[in-house]
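Subject: Structure for you to look at

Dear colleague,

I am passing on the structure we spoke about, and below it you will find a short account of what came out of it. Please keep the picture open while you read, so that you can follow each part by eye.

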Amino acid sequence: MISVDEHLAGILGAVRALPPLELALLEAAGGVLAEPVEAPVALPPFDNSAMDGYAVVAADVAGASADAPVTLPVIGDIAAGDAGVTALRPGLTARIMTGAAMPAGADAVIPVEWTDGGTATVRITRPCPPGHYIRRSGEDVVAGQVVVAEGARLGAAQLGMLAAVGRSHVRVRPRPRVVVLSTGAELREPGAKLAPGQIWDSNSFMLTAAVEEAGAKGYRQATVGDEPEEVRATLLDQLGRADAIVTTGGVSMGARDVVKEVFAEARPGEASTVAFGKVAMRPGKPQGFGLLEGVPIFTLPGNPVSAYVSFQVFVRPALRAMQGLPPEPLPTVTAVLAEDVRSPAGLRHFLRARLSYERGHYGVAPAESQGSHQLQSLSSADSLIVLPEDAEDVPAGSQVEVMRLPS
Ligand code: AMP
Ligand code: MG
């Protein structure tokens with residue numbers, strides 16, 4: 001039996017970051033930037049109005065008040081994107097819209113609310129200092145500045161930033177394509193009728209969603225039964241489109257452990273490092289991992305909670321590494337345990353739980369059901385209490401480490 005850390009280290013030693021690609025912005029969404037992106041120009045590129053109003057020389061309106069408004073002739077309109085009025089002499093004004101370039105000579109904007117809104121002449125009832133309501137060139141970004149760093153995940157705000165500095169394409173490590181396959185002769189598609197002894201496949205749906213939560217692309221495969229040749233053919237067929245494959249089931253000590261059988265003996269000409277073993281954890285003890293023709297394959301146990309916990313502990317960090325990100329575990333908090341718990345000696349124990357937060361402190365309550373087939377206590381959990389290998393009796397009130405699950 002190897003430790004959780006040893007198994008994870010083996011996986012992280014075997015997976016490689018995907019090569020970067022040049023992608024159009026929206027194709028790059030969710031990818032990880034593989035170059036630092038600099039602004040070729042300042043943002044804003046020119047001084048412009050922060051308001052709809054009137055461009056003025058501030059000194060002209062210094063004496064304006066409600067009792068003694070200043071009236072100025074309006075020489076034209078300046079809309080955003082318009083180069084109509086490019087300069088202004090003292091004693092004149094121009095209507096200006098938000099985002100329109102300031103005309104040379106003007107040094108302030110009077111918001112329309114401080115005026116009568118006139119189009120030939122305008123009455124201004126309040127003064128303002130020079131610089132008022134002007135967005136200065138470069139006050140967002142200076143030319144040459146890195147606006148999105150290498151290694152950043154491209155979410156909505158980052159894509160907006162890249163577009164704002166004029167990039168149509170960027171170099172990214174794309175989201176890994178992960179094929180998810182449930183094995184088991186007893187499995188039926190949700191929606192299908194069950195015969196005696198059959199159950200609906202939950203793992204492949206759960207893990208395809210977990211792949212997406214981890215920032216990769218999930219492709220669910222139809223379930224396959226317990227025929228090794230069928231499982232082998234499906235795996236080989238998927239190799240071409242998968243950056244990684246996740247299977248569930250068929251890796252324990254039963255008489256028909258199909259995934260183990262597939263990899264039991266190397267086929268001539270088939271490059272496989274897939275190996276099986278026991279990892280000192282609960283749930284999730286039977287594990288397998290390796291490369292098949294260079295593609296990482298995670299063979300997770302079949303019990304749904306085992307599969308889920310294994311995914312979060314082993315697959316998620318590996319998918320991050322494949323995106324060139326640090327293979328961080330899920331974030332943890334320290335919390336006060338609400339009940340006594342027992343933990344198996346020598347195994348790292350992951351207990352489904354719910355966190356609470358009161359007066360600056362986290363508390364955590366373990367779920368009543370902790371069987372690895374009991375999916376409901378996972379679906380109502382928000383976290384996993386992580387008890388170290390040497391913990392046995394952990395009394396209520398202890399400080400424990402709690403892994404937050406993605407929500
Ligand atoms: P196995 O490791 O294939 O022996 O499966 C262990 C347990 O998990 C058995 O009770 C299976 O019926 C169950 N199981 C395996 N795969 C799935 C699945 N995709 N969805 C739900 N339960 C599963
Ligand atoms: Mg099975």
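In what follows, a residue is taken to be near a molecule if one of its heavy atoms lies within 4 Å of it. Please also bear in mind that this is a predicted model.

Let me begin with the ligand. There are 16 residues around ligand 1, and of these S182, E186, D201, S202 and G250 come nearest. When the shell around ligand 1 is sorted by class, it holds four nonpolar residues, 10 polar residues and two charged residues.

Which residues place an N or O atom 3.1 Å from a nitrogen atom of ligand 1? One is S182, which does so with an N or O atom of its side chain, and another is S202, where a polar backbone atom is 3.1 Å from a nitrogen atom of the ligand. In addition, a backbone N or O atom of G302 lies 3.2 Å from a nitrogen atom of ligand 1. Taken alone, ligand 1 exposes 480 Å², and the protein buries 75% of that area. As for its location, ligand 1 sits in the largest pocket.

Turning to the chain as a whole, the protein is divided into domain 1 (4-18 + 175-322), domain 2 (21-43 + 139-173), domain 3 (48-135) and domain 4 (332-404). Taken over C-alpha atoms, the centres of domain 1 and domain 2 are separated by 34 Å, and the contact between these two takes six residues from domain 1 and five residues from domain 2.

With best wishes

Technical notes. Residues are numbered from 1 along each chain as its sequence is written. Chains are lettered from A and ligands numbered from 1 in the order in which they are written. This is a predicted model: local features need pLDDT of at least 70, side-chain atom pairs count only at pLDDT 80 or more; totals for chains, interfaces and linings use all residues. Side-chain values use heavy atoms; hydrogens and water are left out. A polar contact is a pair of N or O atoms within 3.5 Å; within protein, one must be able to donate a hydrogen and the other to accept it, and residues adjacent in sequence count only if both atoms are side-chain atoms. Accessible areas come from the Shrake-Rupley method with a 1.4 Å probe; for residues, only the protein chains shown count as cover. On a 1 Å grid over the protein atoms alone, a cavity is a set of points where a 1.4 Å probe fits but cannot get out, and a pocket is an open set with protein on both sides within 12 Å along at least five of seven lines; lining residues have an atom within 4 Å of a point. A molecule sits in a cavity or pocket if more than half of its atoms lie within 2 Å of its grid points. Ala, Val, Leu, Ile, Met, Phe, Trp, Tyr, Cys and Pro count as nonpolar, Asp, Glu, Lys and Arg as charged, and the others, Gly among them, as polar. Domain bounds come from an automatic or database domain assignment. Contact means heavy atoms within 4.5 Å.
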